[in-house]
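This report introduces selected features of the structure shown below. Backbone angles come at the outset, followed by the nonpolar interior and surface.

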Amino acid sequence: MDATRLRLALLRNAPVGLFLVVLAVFGSLSDRFLDVQNFTNILIQSSHIAILGIGMTFVLLTAGIDLSVGAVMYLSVALLGIYMAELPVVLAVPAMMAVGVLFGLVNAFFVVRLRVAAFIVTLATLFIGRGLALWVTETRMVFYQNHILSLAQAEWLGVPWAIWVFAIVFATAWAVLNHTPFGRQVHAVGENPEAAAKAGINVPLVLTAVYAVSGACAGIAGFVSITQVGAAASSFAVEKEFAAVAAAVLGGVSLFGGRGGVAGTVFGAVLIQTVQNGLVIVNADPYIYPLVTSSIIFLAVFVDSQRSRILHRLGRRRIRIEERPV
């Protein structure tokens with residue numbers, strides 16, 4: 001193995017190495033950190049970020065980005081608490097997903113039809129969504145009915161409800177991305193949209209679908225999160241979009257599109273939550289939490305850029321070999 005491929009292998013396994021370092025550091029600082037119950041709590045607490053990251057993965061795979069997901073989470077839970085409080089869970093969750101899909105279609109309209117940069121469009125809808133939520137709630141705390149709050153303690157086969165939802169969303173997304181024509185089209189559009197169009201793929205339809213998926217996942221993530229925190233203040237889901245991007249990129253999803261999967265995103269979400277859990281257990285200064293989170297995001301982007309640069313270089317090598325006369 002030459003030096004370039006060795007660096008690529010190290011970059012690909014960087015999240016695993018970081019996870020082992022986190023376990024070693026916090027495990028040495030506190031016995032409670034390595035407790036089985038604590039890991040169960042980490043999975044529960046990371047479930048809404050993982051769901052949000054799974055939706056973000058679909059968008060990132062097409063070389064796009066969706067910064068509106070945190071605002072969609074807040075708007076959907078605000079509408080749930082004020083206008084849909086009496087709805088049973090089986091209807092409340094689809095209703096919240098519909099709110100997210102609506103926002104996703106608005107994003108897709110501007111990105112696909114009007115060709116506005118995804119970063120600009122979703123940044124605008126981030127402020128629109130949060131503004132609508134503040135208007136609906138009149139900036140007051142929103143509380144929820146007992147049939148929703150009781151889900152925080154609900155279990156099936158000894159597994160908490162939030163983990164089941166997280167597992168169902170993950171299994172569905174994994175099957176779609178890996179075993180359906182749509183999943184292959186998502187990767188193809190992210191790798192090279194012009195080549196995908198020439199191959200007969202309906203690129204605008206694929207892009208519209210991924211933003212709708214991201215919005216739907218934001219609605220589900222909002223519901224899972226609200227069952228855990230019990231109430232929604234005006235700061236609900238602030239900066240969750242950055243956590244979702246960090247989880248996806250840490251898990252190997254490229255910001256340049258075409259590479260990665262939801263399994264890596266889930267690992268990235270668990271890693272981020274593990275770090276935050278460790279900081280809480282060792283009673284770290286709360287002011288350093290944002291510094292640690294931003295450092296993780298910076299590390300994820302740096303690893304992705306280095307990995308993409310090496311893959312691009314290896315790709316050029318292969319092209320030269322194929323063009324060499326026999």
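T139 is exposed, with a relative accessible area of 52%, in a model that is predicted. T139 lies in the loop between α6 (118-137) and β1 (142-143). Its backbone has a positive phi of about 60°, although T139 is not a glycine. Most residues other than glycine have a negative phi.

L157 also has a positive phi, near 60°, and is a residue other than glycine. The loop between β2 (155-156) and β3 (159-160) holds L157. L157 is exposed because its relative accessible area of 66% is over the 50% cut-off. The table sets out the accessible areas of these two residues, together with that of V106.

| Residue | Relative accessible area | Class |
|---|---|---|
| T139 | 52% | exposed |
| L157 | 66% | exposed |
| V106 | 34% | partly exposed |

V106 is placed in helix α5 (residues 89-113). Together with L102, F109, F110 and L114, V106 makes a nonpolar surface patch of about 450 Å². V106 can belong to this patch because its relative accessible area is 34%, and patch residues need over 30%.

Turning to the interior, the largest nonpolar core has 96 residues. The residues with the most contacts inside this core are I51, V77, L80, Y144, F223, I226 and F236. Leaving aside residues up to four places away in sequence, I226 touches V77, L80, Y144, I148, L149, A231, A232 and F236. A second, separate core has 6 residues, including L8, L11, I310 and L311.

Note on methods. Residues are numbered from 1 along each chain as its sequence is written. This is a predicted model: local features need pLDDT of at least 70, side-chain atom pairs count only at pLDDT 80 or more; totals for chains, interfaces and linings use all residues. Side-chain values use heavy atoms; hydrogens and water are left out. Patches are made of residues with over 30% relative accessible area and no salt bridge: like charges are joined within 9 Å, nonpolar side chains (Val, Leu, Ile, Met, Phe, Trp, Tyr) within 5 Å. Accessible areas come from the Shrake-Rupley method with a 1.4 Å probe; for residues, only the protein chains shown count as cover. A salt bridge is a side-chain nitrogen of Lys or Arg within 4 Å of a carboxyl oxygen of Asp or Glu. Helices (H or I, at least four residues) and strands (E, at least two) are DSSP runs, numbered from the N terminus. Buried means under 20% relative accessible area, exposed over 50%, partly exposed in between (1.4 Å probe, protein chains only). A nonpolar core is a set of buried Ala, Val, Leu, Ile, Met, Phe, Trp, Tyr and Cys residues joined through side-chain atoms within 4.5 Å. Contact means heavy atoms within 4.5 Å.
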